[in-house]
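Colleague: Could you take me through one part of this model in detail, the metal site and what surrounds it? I would like to see how it sits in the chain as a whole.

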Amino acid sequence: MKKQILALSVGLWVSLSAIAQFTLPALPYKYNALEPYIDSTTMHIHHDMHHAAYVNNLNAALEKTPELYKKSLTELLSGIDKLPADIRAAVKNNGGGVYNHNFFWKIMAPAGSTTISPALEKKLTENFGSVEKFKETFEKAALGRFGSGWVWLVKDNAGKLKILSTPNQDNLFSTGNSTKMKAALTLDVWEHAYYLKYQSKRAAYAKAFWNVVNWKEVERLLNE
Ligand code: MN3
């Protein structure tokens, strides 16, 4: 009996680990940690349903080509053109969704837990004129993104900081830009990220976002 249970659980473990290659990481803080700027209900729906769906759909897309499970998320996204044609769109959209949300949760933190260091302030001022100007430009990009997408602060290979936005779940990897620049901050401007609390007021959401940015992590990424 014991042997059978062991065999069954090993078999189950093997098949589960073969299928569920990509997993949903837990939030690095509690669901209500970003209140009142980002509400707990939005975080639950956003993480447990939207982010989880991207993970599940990515795993489903790779099911027919299991050797692709061995690749990392960034390898998959950087090599979209080399994937079987029938799964390219699914991997780009869902793999991008997984990557972008993994990144997004990490560059946020409870309000007041981090601040812009003098060194980071200097860097932002050198590149944008002032911290305020940087925020303004970033918010403008958030408002200017038609439909769904993301806004990014990136550092190019020459060390220059830039703000750009991508549609849908695109990012530096899936658009072929990851060798030219790296991301240090992002904001999800899909309606599911803010609609419950801010309705159509994307500008108010983008402004509130500054309260929950993990500046320590932004600075770490910029110095990497
Ligand atoms: Mn989202």
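Modeller: Happy to! One term before we start: a residue is called buried when its relative accessible area is under 20%. Please also keep in mind that this is a predicted model.

Here is the setting. The chain has nine helices and three strands, and from the N terminus they follow the order α-α-α-α-α-α-β-β-β-α-α-α. The C-alpha trace spans about 70 × 40 × 35 Å along its principal axes. Of the 224 residues, 45% are buried.

Now to the metal. Four residues coordinate the manganese ion: His46, His101 and His192, each through NE2, and Asp188 through OD, at 2.0 to 2.1 Å. Along the sequence these donors follow the spacing H-x54-H-x86-D-x3-H. Histidine 101 belongs to helix H4 and aspartate 188 to strand E3 (residues 181-188), so this pair ties together parts that lie 87 residues apart in sequence. Both histidine 101 and aspartate 188 are buried.

Next to His101 in the sequence comes asparagine 100, which is also part of helix H4 (residues 88-106). Asparagine 100 counts as buried because its relative accessibility is 0%. Leaving aside residues up to four places away in sequence, asparagine 100 touches Trp150, Trp152, Gln169, Asp170, Asn171 and Thr186. Links between distant stretches show up across the chain too: among contacts with a separation of 6 or more, 68% are between residues 24 or more positions apart.

Beyond the metal site, the aromatic rings are worth a look. The structure holds 16 aromatic pairs. One of them joins phenylalanine 128 and phenylalanine 134, whose ring centres are 5.2 Å apart with planes at 50°, so the pair is tilted. Phenylalanine 128 has 15% relative accessibility and therefore counts as buried, and phenylalanine 134 is buried with a relative accessible area of 0%. Another pair brings together phenylalanine 138 and phenylalanine 209: their ring centres are 6.2 Å apart and their planes stand at 15°, so this pair is stacked. Phenylalanine 138 sits in helix H6 (residues 131-144) and phenylalanine 209 in helix H8 (residues 202-209), so to speak two distant parts of the chain, 71 residues apart, linked by one pair. Phenylalanine 138 and phenylalanine 209 are both buried.

Finally, the outside. The accessible surface of the chain comes to about 11,700 Å², with 59% of it belonging to carbon and sulfur atoms. The chain carries 27 positive and 20 negative charges, and the mean positions of the two sets are 3 Å apart.

Technical notes:
Residues numbered from 1 in each chain as written. Predicted model: local features only at pLDDT ≥ 70, side-chain atom pairs only at ≥ 80, totals over all residues. Heavy atoms only, no water. Helix = DSSP H or I, 4+ residues; strand = E, 2+ residues; numbered from the N terminus. Buried < 20%, exposed > 50% of the residue type's maximum accessible area, 1.4 Å probe, protein only. Contact = heavy atoms within 4.5 Å. Areas by Shrake-Rupley, 256 points an atom, 1.4 Å probe, with all protein chains shown as cover. Lys, Arg positive; Asp, Glu negative; His and termini not counted. Charge placed at Lys NZ, Arg CZ, Asp CG, Glu CD. Donors = N, O, S within 2.8 Å, 3.2 Å for Na, K, Ca; no water. Phe/Tyr/Trp six-rings, centres within 6.5 Å; stacked < 30°, edge-to-face > 60°.
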